[in-house]
Amino acid sequence: MGRHKNSFKNNKISLYRLKKNFKIPFARVSASGNEQKYIEEVLQSGWLTTAGKAASFEEKFAEATKAKFACAVNSGTAALHLGLEALGVKPGDRVFVPSMTFTASAEIIRYLQANPVFLDTEYGTNLVTPEILKDAIKKNPDVRFLIVVHYGGQAAQMLTGDEEGIIDVCKRYGIKILEDAAHAFPARLNNQMVGSLGEVACFSFYANKPITTGEGGMLTTSNNEIYERVKKMRLHGIDRDVWDRFTDDKPSWEYDVVEAGYKYNMPDVNAAIGLAQLEKAEEFRTERQRVAEYYYEHLAPLKHLMDLPVTHVPFRDHAWHLFPVVLKENAPLNRNKFIEKMAEAGIGTSVHYKPLHRMTYYKNKYQLKASDYPNTEKTWRGNVSLPVFPYMHEEELSYICETIGKIFIG
Ligand SMILES: *Cc1c(COP(=O)(O)O)cnc(C)c1O
């Protein structure tokens, strides 16, 4: 407990805290491990962009996810873009993607001049299920790509268990899968790590994600061709690796450009933070699980007014990036009012998400109707995410639960 207190006091990196002056912010970064030490090493090296730290972050991340390859990039969105490009999406193609996600999951489809086909999700988990997918395939037999979001840190039903898994359904119909694992590190499904379940998975290390590099992302894959393509496209379509150019005997000016690529490499300063965060990833996960368990126990008496998140994986396999609750119709106040009351009490909350079918761009461009997404709509009417971060104090947790009780019951 002493250690927790310390990291609480020493933490000066809370944007949310500063901005809104919350007693308990929605997210609080913990960076009291080797972050400073590794950053110092980068500064001493005299080379601040991609080099040894990024390479070793890739190696360690591949080990942690049991993936064959890992490719570090400068955002989760960049990883998703590179992944979808490498899967071969072409202009005019259609791609399944859930509506209940961050816009990055869908905007990357537009980067490639392809078109999203939005899916409803299961109420409670906010995941696309094999059933939802099969139904969508029947209605859209031309679609050959699927973006799966492991919402909140819980893996979607990718593998065959009690029912046919998403991977098998996709194999049967020749559909390629890109996993948006921005919330899901470290996470497991049937003892396999997210990152090595399917062919390509993309992680985000944005400031409030389960581990952070400030800004950053990682793509993992088991496929040689995808790996080679992603490596090339992440750095200008150059035929030599960003790091090889500085370690090879061949002079660094000698390279060829074989594609019009992108500028998506991860700088070593960010990778240094990532390496330190990675060392703590399981501890952070366990800490977030402790928070989730506290909520399940202490919010149980309010279940007639509020739905708690549904899980289909054991708690220890869940990354617990989010704890999204849904206020029911019979709750004494609506979601917006609830968020206001929480803010008045000094507690930061958030909403994951306002669904994409309600966002102006997608709604107008694709003429989307809310009635086509009944579960997503039911969630959207009442969804609020409660604070989840490592080393949250028992007093903070009890204050949050007591405040919710007071807001509801008085
Ligand atoms: C954060 C996030 C992304 C984008 O990651 P960045 O690192 O911010 O680019 C993509 N998808 C989901 C579901 C996310 O939450």
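A nonpolar core is a set of buried Ala, Val, Leu, Ile, Met, Phe, Trp, Tyr and Cys residues joined through side-chain atoms within 4.5 Å, where buried stands for under 20% relative accessible area, exposed for over 50%, and partly exposed for what lies in between (1.4 Å probe, protein chains only). The model is predicted, so that local features need pLDDT of at least 70 and side-chain atom pairs count only at pLDDT 80 or more, while totals for chains, interfaces and linings use all residues. Residues are numbered from 1 along each chain as its sequence is written, and side-chain values use heavy atoms, with hydrogens and water left out.

**Exercise 1. Describe the division of the chain into domains.**

Step 1. An automatic or database domain assignment supplies the bounds, and it divides the protein chain into domain 1 (15-26 + 282-409) and domain 2 (35-280).

Step 2. The centres of the two domains, taken over C-alpha atoms, are separated by 26 Å. Their contact (heavy atoms within 4.5 Å) takes 41 residues from domain 1 and 42 residues from domain 2.

**Exercise 2. Find the largest nonpolar core and say what contributes to it.**

Step 1. This core has 59 residues, and those with the most contacts inside it are F57, F96, L133, L146, M158, I166 and F203.

Step 2. Helices (H or I, at least four residues) and strands (E, at least two) are DSSP runs, numbered from the N terminus. Helix α11 (residues 268-279) gives the most to the core, with five residues, and the core draws at least three residues from each of domain 1 and domain 2.

Step 3. When neighbours within four places in sequence are left aside, the contacts of F57 include F205, M266, A271 and L278.

**Exercise 3. Work out the order of the seven-stranded sheet and locate its edges.**

Step 1. Two strands pair if DSSP finds at least two bridges between them. The seven strands form an open sheet with mixed pairing, in the order β1-β9-β8-β5-β4-β2-β3.

Step 2. Because β1 (69-73) and β3 (115-119) each have a single partner strand, they stand at the edges, and one side of each is left without a neighbour in the sheet.

Step 3. Inside the sheet, β2 (residues 94-98) and β4 (residues 145-149) run parallel and are joined by two bridges, with F96 standing opposite L146 in β4.

**Exercise 4. Determine which side of helix α7 is buried.**

Step 1. In α7 (residues 130-139), the residues P130, I132, L133, A136 and I137 are buried. They lie on the same side of α7, because they cover an arc of only 155° around the axis, the arc being that of the directions from the helix axis to the C-beta atoms.

Step 2. The face turned away from that buried side carries the exposed residues K138 and K139, whereas the cover over the buried residues includes β2, β3, β4 and α8 (166-173).

**Exercise 5. Describe the three-stranded sheet and the helices beside it.**

Step 1. The order of this open sheet is β10-β11-β12, with antiparallel pairing, and the edge strands β10 (306-307) and β12 (383-386) each pair on one side only.

Step 2. Axes are lines fitted to C-alpha atoms, for helices over the stretch in contact, and angles run from 0 to 180 degrees between N-to-C directions. Helix α12 (residues 281-299) packs on the sheet, touching β10, β11 and β12, and its direction makes about 25° with that of β11. Helix α13 (residues 335-344) lies across β11 and β12, running at about 25° to β12.
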